[in-house]
Amino acid sequence: MRRTCVGWLLLALLVLPLGGCQLKDIDKRFFVVSAGFDQTDDPEKPYRVTLRLALTSSKVEAGTAHAQVETVDAASIAEAVRHLKSNVDKELEFGHCREFVFGRGMLEKQGFQDAMQWLARRRDIQGVSNIMVGDPDAASILHTKPISERYPGNALFLTFGNEGTEASDTVTEYMFDLYRREYETGLDPILPVARSSQHAYQINRVALLDKNKIRLILNPEETQVFNMTANDIRKAVMAMPSEKGRIVMAVTRLRSWITMVGGTDPKVVLHVRATGFLEQSPPRVLEADWHGLERRMGKRFSESTEQLLYKIRDQGVDPYGFGLHYLAIHRGRQKAWEHWKSIYPDIRFEVRTDVKIQGTGMVR
Amino acid sequence: MIRFYYYHVVYVGLMNIMMLVPALLISHRFSGGVSAIPLAIAAGTLIAYLTSSCFQRFPGLGLPEIFDRFLPRWLACFLNGIGIVIWATGGIIVLYSYSNTIGLFFNPETSPYINLTIMAIACIWAASRCSRSVQFTNEMLLILSTPMIFWILLKAMLSPWLDWDAIWIVANQVTKPPSAISFYAATFVFSGAMNATLFNRLTKPGYKLRYRWIIPLIGTMFLLVSFFVPIGFHGTQAVGNYLYIWSVTTDCLIMKYGFIQRVLYLFLLLYTLLSLLFVMNTWHTAMEFFKACFRRYPPATDQPRVPAVNWYVCIALAAITFAYAYFTNDLRNRILSEIWLVSRFFIEVILTALLLLFVYMDRRSKQRRRAPPKSSGNPASKATGS
């Protein structure tokens with residue numbers, strides 16, 4: 001009998017924490033769906049933080065998403081977020097925030113390291129958050145109201161990864177990867193560049209950074225080549241002009257890897273193996289010269305990739321991780337990193353592309 | 001029933017993450033942490049093989065009974081005391097680290113003592129059962145949690161974001177001379193074999209521990225995964241900046257179609273089960289060692305009614321955990337867990353030496369009893385608990 005009493009008493013103890021868990025309910029929270037960081041001209045308050053807050057509603061329908069955008073300037077991001085709380089009536093909740101936009105101005109003048117400090121320290125910010133550059137600034141991206149949004153903020157994150165659209169010129173960069181690239185020797189940060197156009201986002205360029213600031217922004221064509229060779233992105237196209245018209249191959253499978261040849265004066269060899277089918281071509285071109293076409297297409301892709309690699313090298317950044325690979329294969333050499341830094345400005349590249357065309361689609 | 005032995009090996013191997021073993025190894029990744037791993041695998045396997053062979057010679061006897069048989073009473077009680085301290089502390093560290101991590105990621109607004117209270121109540125209840133129930137609970141909790149944990153580990157290993165170049169760079173550091181503390185910490189993965197000290201009571205006479213090659217296999221796998229996967233995700237440099245290294249690593253994974261997309265929460269929930277399992281076993285072992293110091297409590301493995309002393313001992317352990325939580329912080333917990341990992345290794349070595357001595361003494365006394373010795377006397381005479 002006594003034993004049962006003790007058991008019930010212990011069980012009753014479990015009821016105590018149920019009285020709220022000191023937790024704020026969902027109706028007293030504001031869900032932040034995207035956050036933007038810009039730089040101001042005021043030296044006292046150099047940071048401008050813009051938050052997009054979801055106005056929750058029971059309707060889930062395209063075009064019914066409403067959001068409130070709040071902006072505040074402060075001496076640091078953490079302080080800005082605290083100050084911003086006094087502008088709103090509910091507690092800010094970052095648990096669902098997966099989009100962070102760095103203003104282009106901030107990345108060109110001040111760099112992203114301060115903003116990264118805040119992101120990496122917060123326990124409620126996901127490692128798989130998408131980070132991007134806002135062109136011309138972060139606030140313009142956050143003020144955009146895409147008409148296709150079903151609930152606030154979903155248009156932006158569906159763009160990245162392969163959750164929604166699988167665009168070959170959209171580079172996806174996660175928070176944990178940016179943090180890795182910020183510190184890694186021989187691997188430099190990359191960020192997609194987003195631009196707002198009327199009621200949509202346009203994310204088809206990539207910014208290449210040194211450890212802090214933007215060094216180079218690639219155009220959409222280069223971005224696609226970069227994305228194919230650095231991230232093995234599929235659903236891309238390889239195009240080539242011919243006498244009768246343009247030949248376009250849709251890539252279905254793509255794999256790339258790096259090797260290094262030569263001892264003291266190494267050459268970086270980037271191997272690409274692409275498989276696909278022709279999506280657009282003049283009739284009966286493939287039948288006439290199947291292997292020749294594959295070879296010419298590969299050669300053309302190799303040339304454009306080599307051009308891109310030299311362009312990136314001349315800016316002194318290494319988004320592919322060639323340096324990291326060099327360190328991985330030169331073990332036990334203390335000076336390997338110093339040596340690599342001295343040879344990288346003059347390093348030679350070779351791209352070997354192996355194209356396999358599977359067919360021409362439905363017609364010859 | 002040898003599978004129960006391997007359950008201990010598996011969950012203790014998985015618990016290395018909560019014991020901060022990867023954090024310690026990663027902080028020594030450029031100063032001898034890598035070369036400590038193969039050494040630890042060799043040493044851990046050797047200790048596990050030796051102790052399991054020794055325990056096979058004393059079926060049905062736990063460590064306290066073996067002590068009683070060969071050592072004077074005061075020395076047996078003293079050694080039991082060391083066992084109580086080392087086992088109970090292990091549970092306390094895990095319970096504190098776990099409730100701390102949960103508080104950080106699940107609900108930072110809640111008082112940390114609420115998390116601790118809920119976990120402590122579950123641990124008190126689970127640890128105060130009889131040895132047989134504890135053993136069955138092991139099986140149930142492990143079957144519930146391991147498939148998903150293996151799935152997460154596999155998902156991490158096959159992720160395209162895993163950087164093999166970074167892993168290679170760190171693996172190449174294997175030529176550096178090993179660091180002692182990394183070696184002691186890494187042997188923890190093989191500590192599951194030590195739980196036979198108490199659970200040997202449940203074995204039947206003449207049992208044979210087969211498939212012991214599983215121990216090095218499982219230990220090596222867990223050690224390599226828990227060390228190299230975070231490096232693959234965070235790179236060779238940034239990995240040293242993180243405090244909750246495995247929580248952050250699972251946060252790099254995404255379940256697109258899962259109803260929670262952050263793998264972190266699934267991972268922490270699964271580690272709730274594993275932590276409960278670990279604390280249950282350590283506290284139960286400490287409790288039984290404590291009881292073995294008094295003649296009033298003869299070893300009993302199947303007790304339908306839980307004696308009151310079980311409750312008292314476990315509640316006392318929970319109270320110590322609360323006191324510890326009050327006085328400690330993250331940094332102190334880190335230091336204590338390092339001290340614990342090192343002292344645990346030495347106690348394991350001493351214990352193995354003692355067991356070998358006992359086996360030798362046992363064989364001697366058997367031979368003497370059988371005097372005059374037969375020349376054909378097989379030294380591997382079956383030791384049936386007489």
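## Two chains, read step by step

Trainee: Hello! Into which domains is chain A divided?
Mentor: Welcome! Keep in mind that this is a predicted model. Chain A has 364 residues, and the assignment splits chain A into domain 1 (26-218) and domain 2 (219-364).

Trainee: How far apart are the C-alpha centres of domain 1 and domain 2 of chain A?
Mentor: Start with the frame: along the principal axes, the C-alpha atoms of chain A fill a box of roughly 85 × 65 × 55 Å. Within chain A, the C-alpha centres of the two domains are separated by 31 Å.

Trainee: Which element gives the most to the side of domain 1 of chain A that touches domain 2 of chain A?
Mentor: Here 19 residues of domain 1 of chain A are in contact with 25 residues of domain 2 of chain A. On the domain 1 side, the elements giving two or more residues are strand S8 (200-209) and strand S9 (214-218) of chain A. By class, that side has eight nonpolar, four polar and seven charged residues. The element giving the most, with five residues, is S8(A).

Trainee: Now for the two chains. Which element gives the most to the side of chain A that touches chain B?
Mentor: Between the chains, 27 residues of chain A are in contact with 29 residues of chain B. Helix H1 (2-15), helix H7 and helix H11 (322-329) of chain A each supply at least two residues of the chain A side. That side holds 13 nonpolar, seven polar and seven charged residues. With six residues, the one that gives the most is H7(A).

Trainee: Among the elements of chain A, which has the highest mean pLDDT?
Mentor: Chain A as a whole averages a pLDDT of 86, with 96% of its residues scoring at least 70. Among its elements, the lowest mean, 79, belongs to helix H6 (residues 154-159) of chain A, and the highest, 93, to helix H7 (residues 175-183) of chain A.

Trainee: Is Tyr47(A) buried or exposed?
Mentor: Find Tyr47(A) in strand S2 (residues 47-55) of chain A. Leaving aside neighbours within four places in sequence, its contacts include Phe37(A), Asp73(A) and Ile77(A). A residue counts as buried when 20 or more other C-beta atoms lie within 10 Å of its own. Because Tyr47(A) has 24 within 10 Å, Tyr47(A) is buried.

Trainee: Over to chain B. How far apart are the end C-alpha atoms of helix H14 of chain B?
Mentor: Let's predict the span before looking. Helix H14 (residues 308-327) of chain B has 20 residues and, at 1.5 Å a residue, should span 28 Å. That agrees with the model, where the end C-alpha atoms of H14(B) are apart by 29 Å.

Trainee: What arc do the buried residues of H14(B) cover around the axis?
Mentor: The buried residues of H14(B) include Val313(B), Leu317(B) and Thr321(B). An α-helix has 3.6 residues a turn, so residues three or four places apart point the same way. The buried residues of H14(B) lie on the same side of the helix, because the arc they cover is only 135 degrees.

Trainee: Which exposed residues does the face of H14(B) turned away from its buried side carry?
Mentor: First, the covered side: what covers the buried residues of H14(B) includes helix H5 (73-105), helix H6 (112-127) and helix H13 (263-292) of chain B. Now turn the helix around: the face away from the buried side of H14(B) carries the exposed residues Ala308(B), Ala319(B), Ala323(B), Tyr326(B) and Phe327(B).

Notes. Residues are numbered from 1 along each chain as its sequence is written. Chains are lettered from A and ligands numbered from 1 in the order in which they are written. This is a predicted model: local features need pLDDT of at least 70, side-chain atom pairs count only at pLDDT 80 or more; totals for chains, interfaces and linings use all residues. pLDDT is the predictor's confidence in each residue, from 0 to 100. Helices (H or I, at least four residues) and strands (E, at least two) are DSSP runs, numbered from the N terminus. Two residues are in contact if their C-beta atoms, placed from the backbone, lie within 7 Å. Ala, Val, Leu, Ile, Met, Phe, Trp, Tyr, Cys and Pro count as nonpolar, Asp, Glu, Lys and Arg as charged, and the others, Gly among them, as polar. Domain bounds come from an automatic or database domain assignment. The expected span of a helix is 1.5 Å times one less than its number of residues. A residue is buried if 20 or more other C-beta atoms lie within 10 Å of its own, exposed if 12 or fewer, and partly exposed in between; C-beta atoms are placed from the backbone. The arc is that of the directions from the helix axis to the C-beta atoms.
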